[in-house]
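Got the viewer open and a free hand for selecting things? Load the model below and follow along, stop by stop.

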Amino acid sequence: MRETDVIVVGAGAAGLSLAYRLCTPPPGHPVPDVTLVDAPAGPLRPPERTWCFWETSPGDFDSALTAEWDSLRVRGRDGSATVGRPAPFRYKMLRSGSFEALLARRLDGTGAPRRVAARVDDIRDLASGHGTGAEVTGVAADGSELTLRGRWVFDSRPPRALPPARTTLLQHFRGWFVRTDRPVFDPATADLMDFRTPQPAHGLSFGYVLPTNAYEALVEYTEFSRAVLDDAGYARALRQYTERVLGLGSFEVTATEQGVIPMTDGRFPRRGGRSVFRIGTAGGATRPSTGYTFAAVQRQARAVAGAFHAGRVPEPPPAYSARAGAMDAVLLRGLDSGRVDGAAFFEGLFRRVPMERLLRFLDGDTRPYEDFTIGLRTPVGPMLRTVAELPWLRHRRAGAS
Ligand SMILES: Cc1cc2nc3c(=O)[nH]c(=O)nc-3n(C[C@H](O)[C@H](O)[C@H](O)COP(=O)(O)OP(=O)(O)OC[C@H]3O[C@@H](n4cnc5c(N)ncnc54)[C@H](O)[C@@H]3O)c2cc1C
């Protein structure tokens, strides 16, 4: 049986980023023996996706970006626009395929990490008396049984069930990559939230437009609500948004993208055993109030690899502070209960808070007094009533009544 320093399970955003950081240690440190196990092509392996995030430039992955913007817009239901420049941040768009190719080029010739295509079924600490570390078992791509042992194992497989929570919403969306006949897009500005979509009875919806040139953009319809739509529902919403709201005229859909991201105040345990840690969405890296994950995944990967290279226990740090978690719990509950009007809430926040501060806030990187001033820009009454209600609510599994 093969024993390695580190086994990373799942080669999505979190697994790939961590394996890359581990395999590029600071000068003078040996490259550790890292095995990266990912599901073979098939239902467990997610299709190519688009990750957006903000950071200052230059960033580590700039050469692989599809596009970046230094102007962002949010539109209210009446079409009024708030345009902000989030400098020093830039909003960046990275396709997962380009990200994988970039990291593969950078590690080319090193033989690291060792890649294994297998479905992992179980990960457990070694029983006492059998050494230190954990064992990964599953089925390799050729159908044979797989057993690997590692000193540390990082698991990024999506959780089978969401954790018990007071509030569980879903951020669900479908996007069309469109090519129009006329130059209709302004490639200098990305539309983060456009509330000119019909608002659902429960939760909120918005359009999201990422133009890559005057003729091409990724146009998405997104909802924060309890249940996903069916195919016809997304198609109807996107047709309505592209034709009636954006007035794109004639266009071709060159590709589609779809996803569901959990928005929950339940806790995702980061520890799966003495030698096992969870990372990525499985380890709580998704910001509950927004669904953004990619930047937190990068912060965690750097922290874990730094601890490992320094000989410390490589435990992933929390992706967000307890304060950020508490504020998100209030917002999620406010949205779910209908006490907070989601479209008005987000539109108001972008109108009243400088874009740079808001993006830092969403990264969990603001000071308490900044959070307080941001709190004052929200509907204070409904938010305070929600704060008072939260301690009385039980954590339940999603779907349980
Ligand atoms: C369509 C879409 C768009 C998104 N856009 C953004 C965005 O713009 N910005 C942002 O910050 N976040 C975004 N997110 C949220 C988040 O960044 C992504 O979901 C991100 O991919 C999460 O990374 P991850 O590594 O945790 O999970 P994943 O990327 O889903 O990786 C999980 C990995 O585990 C593997 N796996 C699963 N089961 C097994 C098994 N049994 N054995 C072995 N391997 C297994 C899979 O093959 C996969 O490689 C988006 C999510 C989706 C779905």
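Here is a walk that starts at the ligand and then moves out through strands, a helix and a few loops.

Before you click, two bits of housekeeping. This is a predicted model, so to speak of local features we ask for pLDDT of at least 70, and side-chain atom pairs count only at pLDDT 80 or more, while totals for chains, interfaces and linings use all residues. Residues are numbered from 1 along each chain as its sequence is written, and side-chain values use heavy atoms, with hydrogens and water left out.

**Stop 1: the ligand**

Select the ligand and show what is around it (a residue is near if one of its heavy atoms lies within 4 Å). You should get 31 residues, the closest being A14, D38, C52, T293 and F294. Colour them by class and you will find 15 nonpolar, 10 polar and six charged residues in the shell. The classes work like this: Ala, Val, Leu, Ile, Met, Phe, Trp, Tyr, Cys and Pro are nonpolar, Asp, Glu, Lys and Arg are charged, and the others, Gly among them, are polar.

Now look for polar contacts (a pair of N or O atoms within 3.5 Å; within protein, one must be able to donate a hydrogen and the other to accept it, and residues adjacent in sequence count only if both atoms are side-chain atoms). A polar backbone atom of T293 sits 2.6 Å from a ligand oxygen. For F294, a polar backbone atom is 2.7 Å from an oxygen atom of the ligand. Over at G12, a backbone N or O atom lies 3.2 Å from a ligand oxygen. On its own the ligand has 980 Å² of accessible area, and the protein covers 92% of that; these areas come from the Shrake-Rupley method with a 1.4 Å probe, and for residues only the protein chains shown count as cover.

Which elements each supply at least two residues of this shell? Select α1 (13-22), β3 (50-56), β8 (114-125) and β15 (251-264). Of the shell, β15 gives the largest share, four residues. Helices (H or I, at least four residues) and strands (E, at least two) are DSSP runs, numbered from the N terminus.

Zoom out and colour by domain, with bounds from an automatic or database domain assignment. Domain 1 (2-56 + 96-162 + 266-309) and domain 2 (168-264) both give residues to the shell, so the ligand lies between them.

**Stop 2: β3**

Go back to β3: five of its seven residues are buried, so the strand is largely enclosed by the rest of the structure. Buried means under 20% relative accessible area, exposed over 50%, and partly exposed in between (1.4 Å probe, protein chains only). Strand β7 (residues 89-95) runs antiparallel to β3, joined by seven bridges; two strands pair if DSSP finds at least two bridges between them. Pick E55 and you will see R90 of β7 opposite.

Just past this strand, select S57 and P58, which are joined by a cis peptide bond with omega about 0°. P58 lies in the loop between β3 and β4 (65-69).

**Stop 3: β5 and its partners**

Strand β5 (residues 71-75) has five of five residues buried, so it too is largely enclosed by the rest of the structure. Show side chains: S71, R73 and R75 point one way, L72 and V74 the other. In a regular strand the side chains alternate between the two faces of the sheet.

Strand β12 (residues 189-194) runs parallel to β5 over five bridges, and D191 is the β12 bridge partner of R73. Strand β6 (residues 81-84) pairs with β5 in the antiparallel sense over four bridges, with T82 as the partner of V74. β5 and β6 form a hairpin with five residues between them, where G79 in the turn has a positive phi of about 90°.

**Stop 4: helix α7**

Jump to α7 (residues 355-362), where six of eight residues are buried, so the helix is largely enclosed by the rest of the structure. Select M355, L358, L359, R360, F361 and L362 to see the buried ones. After the helix comes G364, with a positive phi near 75°.

**Stop 5: loops**

Buried or exposed: what is T132? At 57% relative accessibility, T132 counts as exposed; look for it in the loop between β8 and β9 (134-140). By contrast, C23 is buried at 6% relative accessible area, in the loop between α1 and β2 (34-38).

Finish at the peptide bond from A112 to P113, which is cis with omega near -10°. P113 lies in the loop between α2 (96-107) and β8.
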